[in-house]
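Visitor: I would like to understand how the words used for a structure are earned. Could you take me through some of them, step by step?

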Amino acid sequence: MGDVNLPEKDSLEYHAVMVHRDKIFHGRALAENGGDDSKLLTFSNAIETSHIPSLAYLHYANVSLGTPSLSFLVALDTGTSLLWVPCDCTDCVRSLVTSTPGVEINLNIYSTNSSSTSKDVACSSSLCERRNQCSESQSQCPYQVSYDSATTSSGILVEDVLRLKTDNHKPKDFNARVTFGCGRVQTGFYFNGTARNGLFGLGTGKTSVPSILSSQGLVADSFSMCFGFDVGRIKFGDKGSSDQEETPFNLMQQSPWYNVSVTQLSVGGNLSSPLDFTAIINSGTSYTFLSEPAYTALCDTFDSQTQQKRKSSDPGDLLEYCYEVSSDSTEFLIPNVTLIMKGGSRFNVYNPMVTITTNGTVTAYCLGVIKTSTGNFIGNYFMTGHKIVFNREKMVLGWKASNLAPSPMSTDAISPTASPSSTDEIPPTVSVPPGSVNDGTPKNGLNSKAPQYLIASSLLVLFLPILQIV
């Protein structure tokens with residue numbers, strides 16, 4: 001299929017490409033469980049999802065579809081409302097090559113003719129949103145997901161079995177019939193970037209898997225995602241816990257997005273003036289996008305409290321607030337960032353920084369915030385260290401510090417595994433040890449006591465430090 005000529009992973013040029021991808025996706029926003037854990041469902045193949053740096057720093061899951069079942073490595077995206085996978089296509093990404101030791105991994109392609117449980121979705125279906133493109137009511141329902149003229153997925157809607165299991169101490173296999181996209185043509189970042197083997201839309205639309213599962217009475221209309229530093233988890237039907245922080249969703253008609261209000265910022269313990277802006281919680285972007293005045297309120301205050309030397313930036317640099325790391329540095333002090341949400345709950349940002357590497361060595365940290373003149377997005381970096389609950393029954397976003405994985409911060413820093421409650425004040429600064437990122441081999445697993453550095457770049461449960469397409 002040809003190689004993807006990406007710059008060195010974690011280099012400034014690599015982050016520039018990833019920011020460009022997020023900016024494309026950013027544009028789409030514009031154009032409790034009663035103690036019964038048998039009602040929680042998760043993917044059958046694995047408990048964990050994976051945070052994959054080589055694939056734009058998003059969270060991915062290995063999902064199984066059809067009979068016999070085929071596995072797909074799909075990006076988890078709360079900003080869209082359709083699951084789609086490559087299907088019956090002639091120009092699909094069929095394999096990936098790992099950086100170390102250079103192993104080729106084959107990717108599955110779904111076929112409607114190869115699954116005995118596959119069924120076409122007719123244009124007469126209530127889930128068909130493009131009836132105007134149908135010649136008759138019993139025709140196959142077409143779909144198209146488009147973020148710009150260069151990034152699209154198109155094909156037909158089909159219905160088949162999604163392999164799940166109950167998420168409890170005695171898991172049982174569970175098959176649910178869901179509607180998804182048979183993606184015959186993918187372009188742009190859907191072909192050579194983020195969603196090479198499919199996308200799992202988790203938005204509010206009726207075609208999303210959470211919506212389908214809840215409409216069938218299988219689970220509550222809520223789900224949770226844990227954003228670990230290297231791995232994550234997803235639970236369908238999870239309404240969170242009574243001790244979680246919450247803020248209401250803003251009602252937006254015919255919108256798939258989870259929109260909340262931020263009333264103020266706290267940087268290093270210093271409160272900003274009232275801001276009151278809305279933002280979309282989006283697992284489909286890595287970086288956080290802020291418009292004025294929120295961008296300046298956050299970044300300038302952050303910069304004034306950072307002791308490290310700020311790197312000079314060019315006018316075209318999208319990551320504007322970057323700081324040098326010298327070879328003899330023993331710690332890197334950064335001010336803590338907190339978003340104060342509507343209702344007064346505090347969302348502590350445990351992971352505001354991204355690493356910049358040169359020849360595999362960390363040479364700088366950048367604040368993972370991009371200035372935008374349009375809508376505000378809260379991306380993956382800012383959600384790291386949290387369990388996020390998308391409760392569509394109560395119309396609230398919930399969150400709680402997650403103990404899924406160790407924190408990459410130093411032992412005297414506040415971490416998600418040993419954090420105060422979300423309502424407590426966290427120290428004004430955090431000490432982060434500078435160091436080298438991984439070379440592609442998993443080193444600091446969940447049971448490891450080795451220190452973990454901010455954005456461990458290639459630690460994957462699926463062992464997929466992927467660098468190129470073939």
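**Reasoning from values to words**

Guide: Let us begin with cysteine 141, which counts as buried because its relative accessibility is 0%, and the word is used for values under 20%. This is a predicted model, and its mean pLDDT is 77, with 72% of the residues reaching 70 or more.

Visitor: What makes cysteine 128 and cysteine 141 a disulfide?

Guide: The sulfur atoms of cysteine 128 and cysteine 141 are 2.2 Å apart, and the cut-off is 2.5 Å, so the pair qualifies as a disulfide. The torsion about the S-S bond is 95°, and the link is right-handed. Both cysteines lie in the loop between S8 and S9, so the pair ties together parts that are 13 residues apart in sequence. Cysteine 128, like its partner, is called buried because its relative accessible area is 1%, to be set against the limit of 20%.

Visitor: Why is the disulfide of cysteine 123 and cysteine 134 called left-handed or right-handed?

Guide: The torsion about the S-S bond of cysteine 123 and cysteine 134 is about -85°, so this disulfide is left-handed. The sulfur atoms of these two cysteines are 1.9 Å apart, and both residues are buried.

Visitor: How do you know that cysteine 322 and cysteine 366 form a disulfide, and which parts of the chain does the pair tie together?

Guide: Their sulfur atoms are 1.9 Å apart, which is to be compared with the limit of 2.5 Å. With a torsion of about 105°, the disulfide of cysteine 322 and cysteine 366 is right-handed. Cysteine 322 lies in strand S20 (residues 322-324) and cysteine 366 in strand S25 (residues 361-367), so the pair ties together parts that are 44 residues apart in sequence. The structure holds 5 disulfides.

Visitor: Why is the aromatic pair of tyrosine 110 and phenylalanine 180 called edge-to-face?

Guide: The ring planes of tyrosine 110 and phenylalanine 180 stand at 80° and the ring centres are 5.2 Å apart, so the pair is edge-to-face, a name given to angles over 60 degrees when the centres lie within 6.5 Å. This pair links distant parts of the chain, 70 residues apart, with phenylalanine 180 in strand S11 (residues 173-186). Tyrosine 110 and phenylalanine 180 are both buried.

Visitor: What makes phenylalanine 249 and tyrosine 258 a tilted pair?

Guide: The angle between the planes of phenylalanine 249 and tyrosine 258 is 45°, and stacked pairs need an angle under 30 degrees while edge-to-face pairs need one over 60, so the remaining word, tilted, applies. The centres of these two rings are 5.4 Å apart. Phenylalanine 249 is buried, with a relative accessible area of 8%, and tyrosine 258 counts as buried at 1%. Phe223 and Phe390 join Phe249 and Tyr258 in one aromatic cluster.

Visitor: How do you know which parts of the model have the lowest and the highest confidence?

Guide: The mean pLDDT is lowest in strand S31 (residues 466-469), at 27, and highest in strand S15 (residues 245-248), at 98. Over residues 429-470 the pLDDT is below 50, although this stretch has 151 contacts in the model beyond near neighbours in sequence. Where pLDDT is low, the predicted coordinates should not be read in detail.

Note on methods
Residues numbered from 1 in each chain as written. Predicted model: local features only at pLDDT ≥ 70, side-chain atom pairs only at ≥ 80, totals over all residues. Heavy atoms only, no water. pLDDT = per-residue confidence, 0-100. Helix = DSSP H or I, 4+ residues; strand = E, 2+ residues; numbered from the N terminus. Contact = heavy atoms within 4.5 Å. Phe/Tyr/Trp six-rings, centres within 6.5 Å; stacked < 30°, edge-to-face > 60°. Buried < 20%, exposed > 50% of the residue type's maximum accessible area, 1.4 Å probe, protein only.
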